Amino acid sequence: MFRLSWAIAAAFTIALLCGILIVTRDLAITNDIFKDGVVQAQTVDKTTNDALAGAKELPPANAAINQGLPEVVGVLESLTRADQTLGDLGTQLASLGDALKSADAPLGGIIDAGAAATDQANAAAVPAEQIVQTLADADGKVQTLGPLLDQSLALGQEIDSKLRIALILPVIGE
C-alpha cells in the first residue's frame with residue numbers, strides 16, 4: 001500500500017507538471033497573441049494619429065479599434081477562466097496531496113502490524129504443532145486406558161459383590 005500511495009503521488013505529480021507545462025505553453029501562446037495585439041494596437045494608434053491628421057480617415061480607424069477590442073476582451077476572459085481553473089486544480093491537488101500524506105502513516109502502521117502478526121503467527125505454529133501432537137498422544141493413551149478402566153471397574157464391582165457375600169456367610173472351621 002505504501003508503494004501504491006507513492007505511485008499515486010508520483011502520478012499526480014507528473015500530471016501536475018504536465019498541466020503546468022501545458023499552461024505555460026498556453027500562456028506563451030497567449031503572450032504572443034497579446035504581443036500581436038499590442039502591435040496591432042500600435043498600428044491602430046498610428047492609424048489614429050494619421051486619422052487625426054486627416055479627418056477623412058477617422059471612421060476607418062474607429063472601425064479597426066472596435067474590431068480589435070472584442071478579441072482583446074475575449075483573451076482577457078480566457079485568461080481569467082484559465083487562472084480560476086488553475087487555482088481550483090491547485091487547491092484540489094493540494095488537498096489530494098494532504099490526504100495522501102495523512103494516509104501514509106496509517107498505511108505504514110497497518111503494514112508493520114500485518115508483518116508483526118505474520119511473524120507471531122509463524123512463531124506460534126511450532127508450539128501449536130507440538131500441542132496437537134501431545135493431544136494426539138494423550139488421546140491415544142486415553143483410548144488405550146478406557147477399556148482397561150472399564151475392566152477394572154467390572155472387576156472392582158465383582159470383588160465388591162463377593163466381599164459382601166463373604167461378610168454375610170458365617171466363618172467355618174473355627
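Good morning. The protein I present today contains two helices and zero strands. Its radius of gyration is 49 Å, well over the 16 Å that the globule rule gives for 174 residues, so the protein is more spread out than a compact globule. Please bear in mind that this is a predicted model.

The overall dimensions come next. Taken along the principal axes, the box filled by the C-alpha atoms is roughly 170 × 30 × 20 Å. A pair of residues serves as an illustration: F12 and A166 are 154 residues apart along the chain, and 100 Å separates their C-alpha atoms.

I turn now to the surface. Of the 174 residues, 6% count as buried. The accessible surface comes to about 13900 Å², and carbon and sulfur atoms account for 67% of that area. Is F12, then, buried or exposed? This residue, found in helix α1, counts as partly exposed because its relative accessibility is 37%, a value between the 20% limit for buried and the 50% limit for exposed.

On charge, the protein carries 10 positive and 21 negative charges, and the mean positions of the two sets are 5 Å apart.

Finally, the pockets. How much space lies in the largest pocket? The computed volume is about 360 Å³. The lining of this pocket consists of 16 residues, and those nearest its centre are G37, Q40, G68, E71 and V72. Which helices supply the lining? Helix α1, spanning 2-53, and helix α2, spanning 58-168, each supply at least two residues.

To close, I return to the main point: this is a model with two helices and zero strands, and 6% of its 174 residues count as buried. Thank you.

Definitions and conventions
Residues numbered from 1 in each chain as written. Predicted model: local features only at pLDDT ≥ 70, side-chain atom pairs only at ≥ 80, totals over all residues. Heavy atoms only, no water. Helix = DSSP H or I, 4+ residues; strand = E, 2+ residues; numbered from the N terminus. Rg over C-alpha atoms; globule rule 2.2 N^0.38 Å. Buried < 20%, exposed > 50% of the residue type's maximum accessible area, 1.4 Å probe, protein only. Areas by Shrake-Rupley, 256 points an atom, 1.4 Å probe, with all protein chains shown as cover. Lys, Arg positive; Asp, Glu negative; His and termini not counted. Charge placed at Lys NZ, Arg CZ, Asp CG, Glu CD. 1 Å grid on protein atoms, 1.4 Å probe; cavity = no way out; pocket = protein on both sides within 12 Å on 5 of 7 lines; lining within 4 Å. Points joined across faces, edges and corners; volume = space filled by probe spheres on them.
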